[in-house]
Amino acid sequence: MIYFELVTLDGTKFGEAVHEVILPTPDGYIAVFENHAPLVSIATPGVISVRRKSGDPDTKLEYFATAGGVIEVLEGDQKVRVLVDEADREEEIN
């Protein structure tokens, strides 16, 4: 498990241990799992997808729309932090 933290200007939007995080980057989408190499990247506008448990099907993914920001993957802490101006859950989008 990795700890995924999605931080917006209004505070922490999501902060939990999860199995996988799929993030939009300038080179395309990347999936981050436990033991991922350290990384700092730009998050491009797109959708962040979260899989809470390893056996969860794609239909149980949680989605957040974002206009971009910064991605930080910390190896020793098994942590993924994404800093964005704002992020909306799929049910919050009109």
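In this predicted model, strand E9 shows an alternating pattern of side chains, in which Val80, Val82 and Val84 point to one face and are buried, while Lys79, Arg81 and Leu83 point to the other face and are not buried. Two residues of the buried face, Val80 and Val82, are listed among those with the most contacts inside the largest nonpolar core, a set of 18 residues in which Phe4, Leu6, Leu23 and Ile48 are likewise listed. The elements that give two or more residues to this core are strands E1 (2-8), E2 (11-18), E3 (20-25), E6 (46-51), E8 (69-74) and E9 (79-84). In soluble globular proteins, nonpolar side chains tend to be buried together.

Strand E9 also belongs to an open sheet of five strands with mixed pairing, in the order E2-E1-E9-E8-E5. Because E2 and strand E5 (39-43) stand at the edges of the sheet, each with a single partner strand, one side of each is left without a neighbour there. On average, neighbouring strands of this sheet are turned by 15 degrees against each other, with direction ignored. Three of the pairings can be set out as follows.

| Strands | Bridges | Direction |
|---|---|---|
| E1 and E2 | Seven bridges | antiparallel |
| E1 and E9 | Five bridges | parallel |
| E8 and E9 | Six bridges | antiparallel |

Individual residues show how these strands are matched. Tyr3 has Ala17 in E2 as its bridge partner, whereas Glu5 stands opposite Arg81 in E9, a residue whose side chain points to the face of E9 that is not buried. Val84, which lies on the buried face of E9, has Gly69 opposite. Strands E8 and E9 form a hairpin with four residues between them, and in the turn Gln78 has a positive phi of about 50 degrees.

Within the core, Ile48 deserves a separate description. Leaving aside residues up to four places away in sequence, Ile48 touches Phe4, Leu6, Val21, Ile22, Leu23, Pro24, Glu62, Tyr63, Phe64, Thr66 and Val82.

One of these contacts leads to Glu62, which is found in strand E7 (residues 62-66). Is this residue buried or exposed? With a relative accessible area of 18%, Glu62 counts as buried, because the cut-off for buried is under 20%. The side chain of Glu62 makes a polar contact with the side chain of Arg89 at 3.2 Å. With residues up to four places away in sequence again not counted, Glu62 touches Phe14, Ile48, Ser49, Val50, Arg52 and Arg89.

Terms used
Residues numbered from 1 in each chain as written. Predicted model: local features only at pLDDT ≥ 70, side-chain atom pairs only at ≥ 80, totals over all residues. Heavy atoms only, no water. Core = buried A, V, L, I, M, F, W, Y, C linked by side-chain atoms within 4.5 Å. Buried < 20%, exposed > 50% of the residue type's maximum accessible area, 1.4 Å probe, protein only. Contact = heavy atoms within 4.5 Å. Pairing = 2+ DSSP bridges. Axes fitted to C-alpha atoms, helices over the stretch in contact; angles between N-to-C directions. Polar contact = N/O pair within 3.5 Å; in protein donor to acceptor, adjacent residues only side chain to side chain.
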